[in-house]
Structures are given as C-alpha cells and as structure tokens.
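Biologist: I'm new to this one. Could you take me on a close look at how its helices pack against one another?

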Amino acid sequence: MDYHVVGLAAGISMLVTLALGPLTIPLLRRLKFGQTIRAEGPSGHMAKSGTPTMGGIMFLAAIAVTGALLLSSGVPGRAEGLVVLAVTLGYGLIGFLDDFIKVALKRNLGLKAREKILGQLIFAAVLAVVAVFRLGRGTDYVIPFTDFFTPGGIGFDPGWWPFFGITVLVLLGTGNGVNLTDGLDGLAAGATVFTAAAFVVLALAVGKVGTAIVLAAVAGGCLGFLFYNRHPAKVFMGDTGSLALGGALGAAAVVTRSELLLVIIGGLYVLETLSVIIQVISFKTTGRRVFRMSPLHHHFELTGWSEKKVVSFFWLLSLIFSLVGLLGTVGLS
C-alpha cells in the first residue's frame, strides 16, 4: 500500500508539472522574466540569455498539490511529511523572492547574501526545534555503514546545541549545494530525481511514509520539469526551484535521522560546493585556480566536453552516490 501511494505521488506531481508548462512558460516570457547570463561564464551560455526563469514554481505547485491530496490523516509519518513540505515551500519562497528581485525589479544580485542566509537559517532553526520537541526525533545520529559491524549501527548523541548547529548546516549546505549545481540544462533537476528517489526508499525503510510521499512528489516534479528543462532548455528553475529542492532534501534527512547519509547520497552537491570552496581558497592564497572554472560542471565544459555529456556524466554520478548511500540505510530504523 505504501509503495502504491508513493508511486501515485510521483505520478501526480509529474503530470501537474507537465500540465503547468504550457501555461507558465509563455507567462514568464510575456512578463520578461528572463535569465541573465554572466559575462564571465562559459561563452556558449550567452545564447541562453533571456530564457524564462523562475520555472521552479511549476514543480513547487505540483508538490504542494500532491501533498494536499495524499498527506491524509491516516498516513504514517504524516506530521513529518507536512514539516518537510513546509520547509520545501519555505525555501522555495526565499528563492522566489530572490528571483523576483533580480528579474522583475532588475536588481542584479537579488536578495542580499545576508538576507538569503537569514531566511534559510530561520526555517532550519524552526525545523530543528519542531523535529526534536514535536516530532520526537531526538538529537542522536547513526554512523552510516556501521550496521555491518554492530547490530543497529553505532550511534552517538551530541546533545541539543550541536544538533541545532548541524541541522542549520545541513539545510544551508544542501540548499546552496543544489543551487550551485543548477548551472546546465537539466543538471540539477535530473540529479535530484535520483537523490530524492533514494530518500523515498530511505523514508519508507524507517516508516516515514509522509516524508516518502513528499520526496516522491519532488522526484516526479523534477521528471516533469525535465521535459521543459532538458537541453536546449525552454525554462530554468531559478533559485525558486533549486533552493526548494535543497530544502526538501535537507529536511527529509533531518526527520529520518540520516543527515550523515545525505553527505553520500547528495555527493554530487558536495563535489560542486567543494569545487567552489577550493577555487576561492586557492585563488585568494596563491593567486592560482585549481579548476578552469567553478562550480565543477563548468570545469568539464571548458575542457571541451559538450553540455549534454557533462550533464549525463553528472547524472550518472548522482545515481552512483544515491545507490552507495542506500547501502548505509541499515540501522536507521
């Protein structure tokens, strides 16, 4: 029964996203909500200038509709599912405001960095409090793969304040990791299909069906969005979509006690983020760049790989990370 409702969630979300495309994309184009391409980016990307952005509202609406339809009172783990849905929409709202300021109000940088981080921090802080004091999540963690050596895995409990700090880092890191990954046609959407699907399996394994429903809706929404976002993209998700996806994955990891697994399952986002950090540190300390350009996907582009080849390779990496991460789910229940 759980598998049926999860499959239904993915299907509804995908179909709603597909149905919204012919309505949303022309509207974004009429409103002139087009993407601005940075001059310092790969030269081939300049042709994408003006492509409608903020398309993440399509799958955000689909996820919300799916949650409203399927998160009924009889669903196991309904409360966790509603919390994950709320964080997803909250992070999407932050991204929407950032996009709106950039494309509608013509303020190039959108929200100020501190405003963007503060918004994400607030939602992360609320999640930490709700997870512990309302959902009974506790403040403990299970070390991935230790179940192979000790039944139930090796756990540790750092206490409330370290848990609070880790939760904030997980949400900020995942939100911005997906945001950095969203730099090529279909890259973030396709990679998130695999990552979200892994969390569907994980959530079902620990009995959090509500969370599985929301993440199945995320995966289905991304699949539907890929129909319009694959190369050559007709629409971009913008921060509206990328921050929402990161919020969904981070929140799902928190309520399923799998924050440490997220580092593996979301390994692609980790690589993209690390490439930026390494590049900045190297340039500021030595004046040299480690990569031709960061995030990492641009480095591969500048070595001569086609955009489609980079995206396909990174999708494969995301699939591999997700499968490896699922091996560590034992012991979480």
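Modeller: Sure, let's begin with helix α2 (residues 56-70) and helix α7 (residues 209-229), which pack at an angle of about 145 degrees with their axes 9 Å apart. This is a predicted model, where local features need pLDDT of at least 70 and side-chain atom pairs count only at pLDDT 80 or more, while totals for chains, interfaces and linings use all residues. Residues are numbered from 1 along each chain as its sequence is written, and side-chain values use heavy atoms, with hydrogens and water left out.

A few terms: helices are DSSP runs of H or I, at least four residues long, numbered from the N terminus. Axes are lines fitted to C-alpha atoms over the stretch in contact, and angles run from 0 to 180 degrees between N-to-C directions.

Back to our pair: α2 and α7 make a right-handed crossing (the near helix is turned clockwise from the far one by less than a right angle; anticlockwise would be left-handed). On the α2 side, the contact (heavy atoms within 4.5 Å) is made by Gly56, Met58, Phe59, Ile63, Thr66 and Leu70. Facing them from α7 are Ile213, Val214, Ala217, Val218, Gly221, Phe225 and Tyr228. By class, that's 10 nonpolar, 3 polar and no charged residues. Here Ala, Val, Leu, Ile, Met, Phe, Trp, Tyr, Cys and Pro count as nonpolar, Asp, Glu, Lys and Arg as charged, and the others, Gly among them, as polar.

Now slide over to helix α3 (residues 78-103) and helix α4 (residues 113-133), whose axes come within 10 Å and cross at roughly 175 degrees. That makes the two roughly antiparallel (over 145 degrees). From α3, the contact takes in Val83, Val87, Gly90, Tyr91, Ile94 and Asp98. α4 answers with Lys116, Gly119, Gln120, Phe123, Ala124, Leu127 and Val130. Charged residues do turn up in this contact: there are 2, alongside 8 nonpolar and 3 polar.

Last stop: helix α6 (residues 187-205) and helix α8 (residues 238-255), with axes 10 Å apart and an angle of about 20 degrees. So α6 and α8 run roughly parallel to each other (under 35 degrees). α6 passes α8 in a left-handed crossing. Thr192, Thr195, Ala196 and Phe199 of α6 meet Leu245, Leu249, Ala252 and Ala253 of α8. That contact has 6 nonpolar residues, 2 polar ones and no charged ones.

Note on methods: Parallel < 35°, antiparallel > 145°, perpendicular 65-115°, else oblique.
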